[in-house]
Amino acid sequence: MTNLLTIAFTAFFIENVLLYQFLGICSFIGVGKKRSSSLGMGLAVVVTIILAGMATWAIYRYVMEPLEIGYMKTIVFILVIAALVQMMETIIKKFSPALYKALGIYLPLITTNCAVLGVAITNITRDYSFAEMLVYSAAIPLGYLFVMYIYAIIREKLELNPVPKAFRGVPIAMILAALLAIIFSRFGGLI
Amino acid sequence: MDILIPPLVLGGLGMVLGLLIYFVALKFGVEEDHTVQDVEHLLPNYNCGACGYPGCKGMAEAIVSGKAVPAQCKPIKKEEIEILNKYLEALKTGTPVEATAK
C-alpha cells in the first residue's frame, strides 16, 4: 500500500509529466491558453492514458514477452494507442455527443501525444505489476491535468497585464513554464 | 524461422485492431448530416464572398438554416441554381435526393 502511495505521489508531483519529464509539452503550450480547453484536453488525456496503459501492459506481458520480442514495443504501442483513440472517438460520438463536442478536437491530438507513449513505455521499463501500472497510469495524467489547469489560470491573468513587447505571447509562457518547473522541482526533497 | 515472429505479431496485431475498429464503427457509427456539404457542392465553390458570407461553406450553412436564399449567390449559373432549388425543395418535402455534385 505504501508502495502504491509512493508511486502515486511521485508521479503526480515529483516526476510530473510536464515539468519534470518534459513529455506532452506541445499540448501544454498550445492548449494551456484557456481554462476550458485545458480542462477538456486534460480529461481526454486521463481517459486515454489509463486505457492505453492497460492495453499496452497486457499486450506486452502476454504476447510480446513470451515471444521475446520486447524490442518491438515502441512500434507496437504506437499502433495500439492510435487504434484505441480511434475506437474511443467512435464510441464517444455515439453515446455522448456533448462530450464529443467538448473533447472531439483534442482526441486526434492525443494520438500523437508523447505523454501517452511515455507512460506506456515507463510501465514496462520499471517492470510494474498490474496494480502499480494502474496507479501510475492514473497519477501521471492527473498531474498533467493539474499543472495544465494552474498554467491556464496564470496565463489568463497574464493576458490582462502589461507585458513588455518582446516577451508577449509565447516567450512569457515559456518563462512561466520554467518558473512552475522550478517550484515543482522542490517537491523532490519530500521523498 | 525466428525472423518471421516480429512481422507476424505486428501484422496480426494490426489486423486484429483494424477489424476491431471496423466492428466498433459498424456497431456504434453515427449517420452524419450531409446536407450542408451537399449544398456546398452545388454552389460554384469560387469562395468569392459576394453573397456576404465567408466562402461557399458559410453560404451553404446559411442556406440550410434558412438565413439565405440561393439567389444571393452572384456567380452561380442559371441551370445550376435550378438544380440547387430542386434539391432544397426536395429537402423540404422530405424526399431523399442524390446530390448531383460536379
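**Exercise 1. List the contacts of A:Val116 beyond its neighbours within four places in sequence, then place the residue in its core.**

Step 1. Two residues are in contact if their C-beta atoms, placed from the backbone, lie within 7 Å. With neighbours within four places in sequence left aside, A:Val116 touches A:Thr48, A:Ile49, A:Ala52, A:Ile81 and A:Ile110. The model is predicted: local features need pLDDT of at least 70, side-chain atom pairs count only at pLDDT 80 or more, and totals for chains, interfaces and linings use all residues. Residues are numbered from 1 along each chain as its sequence is written, and chains are lettered from A and ligands numbered from 1 in the order in which they are written.

Step 2. A nonpolar core is a set of buried Ala, Val, Leu, Ile, Met, Phe, Trp, Tyr and Cys residues joined through C-beta atoms within 7 Å. A residue is buried if 20 or more other C-beta atoms lie within 10 Å of its own, exposed if 12 or fewer, and partly exposed in between, with C-beta atoms placed from the backbone. A:Val116 is among the residues with the most contacts inside the largest nonpolar core, together with A:Ile81, A:Ile140 and A:Tyr144. That core has 43 residues.

Step 3. Nine residues of this core, the largest share, come from α8(A). Another core, of eleven residues, lies apart from it and includes B:Val39, B:Cys56, B:Cys73 and B:Leu84.

**Exercise 2. Find whether A:Leu145 is buried, partly exposed or exposed, and what it touches.**

Step 1. A:Leu145 sits in helix α8 of chain A; helices (H or I, at least four residues) and strands (E, at least two) are DSSP runs, numbered from the N terminus.

Step 2. A:Leu145 counts as partly exposed because it has 18 C-beta neighbours inside 10 Å.

Step 3. Leaving aside neighbours within four places in sequence, the contacts of A:Leu145 are A:Gly42, A:Leu43 and A:Val46. The C-alpha atoms of A:Leu145 and A:Gly42 are separated by 4.6 Å, although these positions lie 103 residues apart along the chain count.

**Exercise 3. Determine how compact or spread out chain A and chain B are.**

Step 1. Chain A has nine helices and zero strands. Its radius of gyration (taken over C-alpha atoms) is 18 Å, close to the 16 Å that the globule rule (2.2 Å times the number of residues to the power 0.38) gives for 191 residues, so chain A is as compact as a globular protein of that length.

Step 2. Chain B has four helices and zero strands. The radius of gyration of chain B is 22 Å, well over the 13 Å from the globule rule for 102 residues, so chain B is more spread out than a compact globule.

Step 3. Buried residues make up 33% of the 191 residues in chain A and 13% of the 102 residues in chain B.

Step 4. An automatic or database domain assignment gives chain B domain 1 (1-30) and domain 2 (35-93). Their centres, taken over C-alpha atoms, are separated by 42 Å.

**Exercise 4. Describe the side of chain A that touches chain B.**

Step 1. The contact takes 15 residues from chain A and 14 residues from chain B.

Step 2. Helix α4 (residues 73-95) of chain A gives eleven residues, the largest share of the chain A side.

Step 3. By class, that side has eleven nonpolar (Ala, Val, Leu, Ile, Met, Phe, Trp, Tyr, Cys and Pro), two polar (the others, Gly among them) and two charged residues (Asp, Glu, Lys and Arg).
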